[in-house]
Amino acid sequence: MMSLSRRHVLMGSAALAAAALLPSGCGQPPGHLKDLAKRKGILFGGAIGPEELADTAAHELVSRECGVITPRNALKWRTLRWDRSDWNFTEGDAIARYAAANNQKMRGHVLVWNPVENMPDWASDIPSGSAGRSQAIQLMETHIEQVCAHYGDRITSWDVVNEAFEPYSGDLAPGFFMDRIGPDYIEHAFRKAREAAPHAQLVYNDYMRWSDKYPNHHKGVLKLLENLRKKEVPIDALGIQGHIGKYYGTENDRHWRQFLDEVTAMGYDLLITEFDVRDFAPTADISARDANVAALTKGFLDITLSYPELKQFICWGLSDRWSWFRQSEPREDGQLQRTAPYDVDLKPKPMYAAIAAALITAPTREPSTT
Ligand code: XIL
């Protein structure tokens with residue numbers, strides 16, 4: 001088991017000290033994150049799904065805190081196109097109605113996600129290799145056209161391509177589109193997205209660890225962004241997912257800044273698209289775990305929000321009640337992961353205060369037009 005590092009403990013104290021400055025009494029939220037963010041020119045929001053749509057307590061929280069929402073799974077191929085001959089826009093449309101009713105923007109996630117397991121099973125009828133190239137291009141382009149046409153300007157920012165790389169080698173990963181179309185599937189996707197959603201911000205989205213564990217992944221993404229610029233491919237921004245805390249203890253601020261410096265020097269905007277923190281601290285003490293999550297939050301946000309090119313910041317769920325880590329990455333001790341700003345009872349946690357504190361100290365920027 002790892003021990004809590006001194007750095008995390010110190011960062012935890014800083015976040016807690018900042019929290020104490022906020023008017024938080026009686027478990028009430030200290031302020032609306034969307035308002036704190038807006039003052040700095042940042043659009044703040046959260047991902048939602050059927051869980052939140054069906055939960056009336058969630059409605060109050062999501063409408064209060066979020067200036068933008070994004071569907072966790074509703075716009076993925078396996079949701080929209082499970083059935084070969086029919087589209088299923090039910091959940092995506094419910095989220096779009098929710099956003100409109102609450103005066104929130106909506107981000108789209110995701111048009112092209114290459115791993116075979118993210119595609120509906122029927123798509124594998126298209127042969128692999130060059131034999132399937134033209135069919136795969138047609139399938140991808142028609143998908144982009146139809147989904148973008150369905151939502152039109154209701155979606156103001158799109159993850160056009162998600163997670164295209166092998167984590168260790170930094171090469172483009174094999175997968176449904178890569179195996180049939182080749183590396184230029186990315187370029188095709190962005191060009192088609194610009195045509196189909198001319199007013200939307202177009203984003204390449206990837207996990208982008210705040211760590212030195214994946215130097216080649218960082219290099220691969222930089223090379224892609226550089227090539228797309230050279231070829232005048234229409235792409236506006238890099239989406240940093242921000243599922244942090246996986247390689248606990250390998251966070252590397254210098255490496256992270258260098259990466260962000262290079263991305264912004266190429267003229268790209270930045271977004272944090274899926275923020276949450278793995279609660280892997282090796283202790284059962286909830287306040288120590290929460291302090292650790294808050295420290296990681298503050299450490300990551302202090303650097304990332306310092307870039308004026310960062311204009312949107314989205315949590316992958318506002319509450320532990322709906323955290324995807326509950327199933328996908330349970331803690332070894334069987335305790336529930338505490339990964340989000342609110343706990344299962346929808347009470348704000350130190351992570352909430354850490355986000356608020358980071359927003360309060362972030363520099364002001366020109367807000368995004370999308
Ligand atoms: C996750 C969802 O949260 C889960 O509900 C689903 O079972 C799997 O996908 N990166 C992404 C997101 O781009 O789409 C993933 O969402 C989390 C990792």
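Where is the place of Glu232? Glu232 is in the loop between helix 10 and strand 6 (237-240). The views below show a predicted model, in which local features need pLDDT of at least 70, side-chain atom pairs count only at pLDDT 80 or more, and totals for chains, interfaces and linings use all residues. Residues are numbered from 1 along each chain as its sequence is written, and side-chain values use heavy atoms, with hydrogens and water left out.

**View 1. Glu232 in its loop.** Helices (H or I, at least four residues) and strands (E, at least two) are DSSP runs, numbered from the N terminus. Glu232 is not a glycine, yet its phi is positive, at about 55 degrees. Its relative accessibility is 66%, so Glu232 counts as exposed (over 50% relative accessible area; buried is under 20% and partly exposed is in between, with a 1.4 Å probe and protein chains only).

**View 2. Met208, in the loop between strand 5 (201-206) and helix 10 (215-230).** Met208 also has a positive phi, near 45 degrees, in a residue other than glycine. Met208 counts as buried because its relative accessibility is 1%.

**View 3. The ligand and the residues around it.** Arg72, Asn73, Lys76, His109, Trp113, Asn162, Glu163, Gln241, His243, Glu274, Trp316 and Trp324 surround the ligand, each with a heavy atom within 4 Å of it. This shell divides into three nonpolar, five polar and four charged residues. Nonpolar here covers Ala, Val, Leu, Ile, Met, Phe, Trp, Tyr, Cys and Pro; charged covers Asp, Glu, Lys and Arg; the others, Gly among them, are polar.

**View 4. Side chains that reach oxygen atoms of the ligand.** An N or O atom in the side chain of Lys76 is 2.7 Å from a ligand oxygen. For the side chain of Glu274 the distance is 2.9 Å, and a polar side-chain atom of Trp316 lies 2.9 Å from an oxygen atom of the ligand. Taken alone, the ligand exposes 410 Å², of which the protein buries 74% (Shrake-Rupley method, 1.4 Å probe).

**View 5. The peptide bond between His109 and Val110.** This bond is cis, with omega about 10 degrees. Val110 is found in strand 3, and His109 is one of the residues around the ligand.

**View 6. Thr297 in helix 12 (residues 286-304).** The side chain of Thr297 reaches the backbone oxygen of Val293 at 2.7 Å. Thr297 has a relative accessible area of 0%, so this residue is buried.

Note on methods: Polar contact = N/O pair within 3.5 Å; in protein donor to acceptor, adjacent residues only side chain to side chain.
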